[in-house]
Amino acid sequence: MSPSDFADHGEFAPLADGLGDPADPGNRPARLAVGVVGTGRVGPALGAALQLAGHRVVAASGVSAASRRRAEALLPGVRIVTPPQVLAAADLVLLTVPDDALADLVAGLAATGTVRPGQLLVHTSGAHGVAVLEPATRAGALPLALHPAMTFTGTSVDLARLAGCPFGVTAPEELRPVAEALVVEMGGEPEWVPEDVRPRYHTALAHGANHLVTLVAQAMELLRAAGVAEPGRMLGPLLGAALDNSLRSGDAALTGPVARGDAGTVRRHLAQLSTVSPDIPAAYRAMARATAQRALAHGTIDEASAAALLDVLNEETQ
C-alpha cells in the first residue's frame, strides 16, 4: 500500500499526516466499533480499556468456558460470535491469540472474505510485527502490532495496570500516529519497535519476565525447605530492591558471593541445592556463570576470582 492508500480512508486521515500528538484529544481516532478475537487474558482487558476511552466493543469470540467468563466479566453484554462475525461487525479488530496461532488465524480470516478495506486489524503478539498480517493487508486492512509489555490476570485488575504500561508498537509509517493514539487511549505509553528487530524485542521481555518467575519460584522452594513459613514476605523487600537497583544501575548493582568472588560460598550453595531439588542446581550454575562473566567484564572481580568461581561451578558437571 502507498501512503495515499491509507489517507483515502477519510475517518483516519487526520491522524495519518504524521504531525499530530497522539495525546491530543483532537488528534485521536474516531469512535470505533471494536471486536475481540480471542478472549484469553489480554483481549477482554484491552477491549474494556478501549470502551473506557469511548469506543464500543460490539462482538467477541472465545471457545473455552474460562474465556467466555472473562468476556462476560470485562465486556458485559457483548455478543460472543465466530471470528468472521467479529470482523463483519467491527471497525477495529483485536487479534489476541497465542503467538503461534496468529499466522493461521489471519490467513483463515483473509480467506473468508470478511476483511474489509480500511478496517484496523491489531494484534498484540510481542513476537510478531505487521508482516504476519500480510494476508489481511492485501485485502485492504490497516495493520498494527500493539504489544503491552505486561503480564495479565484476565481480571479488572489489569485495567489499572495498563496506566503507564509500555506498548511495543510496530506499524507502517503512515499508521504510526493511529497506533500511538490507540495506545495512549488505553492508558499506555507507545514505544516504537521496527519490524526487523521485533523478535529481539520479544526475546528480551520473555527472558526477563518469564525466567524471573521461575527464579523466584525456585528461591521460594528453597526457603520453604529451610523452614521459612512465608517465603514471599522474606523475598519481597530483597527482590524489590534488587530489581530497582538493577534497572537503575545495571551491572553495577551486582551483589552476593559471585560478585565478590567467594568461590567457597558458591561451593556450599551447590551442596545444599543438591539436597533440595534436582532441577535448581543447573539453573544456579547457569546464572552464576553468567553473573561471573558480567562481574568480570564490569571489573567487580578479577580474572583469578572468575576462574576460581568457574572451576567450582564446573566441578559437578564433569
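This passage walks through the sheet, the nonpolar cores and one helix pair of a predicted model. Residues are numbered from 1 along each chain as its sequence is written, and side-chain values use heavy atoms, with hydrogens and water left out. Because the model is predicted, local features need pLDDT of at least 70 and side-chain atom pairs count only at pLDDT 80 or more, while totals for chains, interfaces and linings use all residues.

Start with the sheet. Eight strands (E, at least two residues, as DSSP runs numbered from the N terminus) make an open, mixed sheet in the order E3-E2-E1-E4-E5-E6-E7-E8; strands pair if DSSP finds at least two bridges between them. E3 (79-80) and E8 (189-192) sit at the edges with a single partner strand each, so one side of each lacks a neighbour in the sheet. E4 and E5 run parallel, joined by four bridges, and Leu 92 stands opposite Leu 120 in E5.

Leu 92 turns up again in the largest nonpolar core (buried Ala, Val, Leu, Ile, Met, Phe, Trp, Tyr and Cys residues joined through side-chain atoms within 4.5 Å; buried means under 20% relative accessible area, with a 1.4 Å probe and protein chains only). This core has 33 residues, and Leu 92, Leu 94, Leu 144, Leu 146, Leu 162 and Phe 167 touch the most other members. Helix H2 (helices are H or I runs of at least four residues) gives the largest share, five residues.

As for the helix pair, H12 (residues 263-276) and H13 (residues 280-298) pack at about 155°, axes 9 Å apart.

Definitions and conventions. Buried means under 20% relative accessible area, exposed over 50%, partly exposed in between (1.4 Å probe, protein chains only). Axes are lines fitted to C-alpha atoms, for helices over the stretch in contact, and angles run from 0 to 180 degrees between N-to-C directions.
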